[in-house]
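Trainee: I'm new to this one, and I'd like a close look at one part rather than a quick tour. Could you walk me through the sheet that comes first along the chain, and then on to the ligand?

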Amino acid sequence: MNQNDYNGNCVYLIGAGPGEPGLMTLRGKELLEQADCLVYDALVSPTFLSWLKPDCKKIYVGKRAGNHAMPQEEINRLLVECAGKYACTVRLKGGDPYVFGRGGEEGLALNKAHVRFEVVPGISSAIAGPGAAGIPVTHRGICTQFTVFTGHEGADKAASELDIEGIAAARGTKVMLMGMSRLRETLAALMRAGQCGAAPAAVVQWAATARQHQVCATVETLADAVESAGLAAPAVVVIGEVVNLADSLNWRKKLPLAGKRIVVTRTREQAGEFSRRLAALGADVLELPTIRIAPPSDKRDFAESVVDSPHYDWLIFSSPNGVKRFFQAFFAVYEDIRELGGARLAAIGSGTAAELKKYGLMVDVMPKKAVAEELIAEFDRKADEFGGVAHCTMLWVHSEQSRRVIHDELMKRHAIVDECIAYSIVPETEDISGNAERLRSEGADLITFTSSGTVRHFMDLQIPVPPGCRIASIGPITSATLGEYGLTPDIESAEYTIPSLVEAIVKRFS
Ligand code: SAH
């Protein structure tokens, strides 16, 4: 490669940070979005994968249950190979690429092969790990230096190569990475080398993520404390007086849903807002999409009814998805929202109304409670205002799986109701994130259901509700569907909205 050629293929060694996607750098995210090929490790959140272009080649080189990771020499070769094929190859690593990340070796190998590379630093667990548990690695008046070391020596090195005496004698905070499998031995070796056994010490597992757990003890008692708490890798070990600050500075522990694992069963597209709210309150959110929004089986019929939509007196929207799909199709045909004409609008659910508002459209009829029966009652109540529905032409935009209530009741009232089937709800069969597996093996504190469809499809997955796990429902219809399976929700949202459901969950857990 010509060293001045900055348009050629490039490999980016990117630090992903300690786990939470929000803790990656903006530069890292930007490059992930452009990547043609991704080479990645364990400890990298599945959320990162959702940022990739759909055709990005993904190559996993980390450990899999029972299997070893790809040997480093092979990874080096692979990166060179990828650089030959792809304009933008991203090599994504946990934390920072240069802190026990072998980023240096990869950089040297790329140099040798004359492949251009760039490094994007990441937040290292060595600093953010203790910090996430309320342990600052330095603190004025307590310590003025910190040491980071590895507790796991490469197989080709003798364990004694670690400068145990030097670490034991060091002042300030000591942070050990990769130290969990030999924690007891390493701490004992440090004490033999003069480390004070009474010094405060802590272990922080899954630091800076919602799965975080920590124990604080002393160097002498830490191994036992960790064992009885059942903590294991990935975890950082911290030794030093700064550990005493953990109680006051651990803000994460104070969040109302801290330590609660909550399953979200919405579609991937819809889970966002709900998951974000729960995560912000400290919950460990397992997104388990049980359903997916798919095009309706009769696409032609859908397209035709959208084309005809400007001729109706009323448009009725049953869901936010219906609004989205409808307008996608609408703007494929018409350029101007005014083509829609002067139809009145009815909607079920404030989310649906909010979706309409994005197009500057206000709803004329919306029931307080987001159920079909209430919409009909609201039409009856408001009949004087607009002369009732008899002989009105109405287009009802909904999913293939909707109940018939709206159609049947409006027909009874002599309205002329046409249907616009905008989408279909189909089961999600892939477990891309591995969350279905996590739910099976680790259990959860709460499973949430935001529609009857999510209940039915969750049941189809045949994952048993873990013992002691609670159930939350967004409203009476969803609760009734749960009842069909012999389940009673412990939490039911007051209103059919995500904020209301989140409120009910917080109330229940506080
Ligand atoms: N380059 C990484 C470290 C890689 S070595 C960094 O800068 O963070 C892997 C070790 O990092 C693990 O054994 C564990 O000690 C630590 N680690 C990484 N992510 C962690 C996390 N979220 N919580 C606790 N420890 C973590």
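**The first sheet and the ligand site**

Mentor: Sure, let's start with an open sheet of five strands, in the order 3-2-4-1-5 and with parallel pairing. Strand 3 (57-60) and strand 5 (116-120) are the edge strands, and each has a single partner strand, so one side of each has no neighbour in the sheet. Going from one strand to the next, the twist averages 20°. A few words on terms: helices (H or I, at least four residues) and strands (E, at least two) are DSSP runs numbered from the N terminus, and two strands count as paired if DSSP finds at least two bridges between them.

Keep in mind that this is a predicted model, where local features need pLDDT of at least 70, side-chain atom pairs count only at pLDDT 80 or more, and totals for chains, interfaces and linings use all residues. Residues are numbered from 1 along each chain as its sequence is written, and side-chain values use heavy atoms, with hydrogens and water left out.

Now pick out strand 2 (residues 37-40) and strand 4 (residues 88-93), which run parallel and are joined by four bridges. Look for Cys-37, which stands opposite Thr-89 in strand 4. Helix 1 (residues 26-34) packs on this sheet, touching strand 1 (10-15), strand 2, strand 4 and strand 5; contact here means heavy atoms within 4.5 Å. The direction of helix 1 makes about 130° with that of strand 4. Helix 3 (residues 72-85) lies across strand 1, strand 2, strand 3 and strand 4, running at about 155° to strand 4. Those angles run from 0 to 180 degrees between N-to-C directions, with axes fitted to C-alpha atoms, for helices over the stretch in contact.

On to the ligand. There are 17 residues around the ligand, and Val-99, Ser-124, Ser-125, Ala-207 and Ala-235 come nearest; a residue qualifies if one of its heavy atoms lies within 4 Å. That shell divides into 12 nonpolar, four polar and one charged. Nonpolar covers Ala, Val, Leu, Ile, Met, Phe, Trp, Tyr, Cys and Pro; charged covers Asp, Glu, Lys and Arg; the others, Gly among them, are polar.

For polar contacts (pairs of N or O atoms within 3.5 Å), check Val-99, whose polar backbone atom is 2.6 Å from a nitrogen atom of the ligand. A polar backbone atom of Met-178 is 2.9 Å from an oxygen atom of the ligand. Taken alone the ligand exposes 550 Å², and the protein buries 91% of that, by the Shrake-Rupley method with a 1.4 Å probe.

Technical notes
A polar contact is a pair of N or O atoms within 3.5 Å; within protein, one must be able to donate a hydrogen and the other to accept it, and residues adjacent in sequence count only if both atoms are side-chain atoms.
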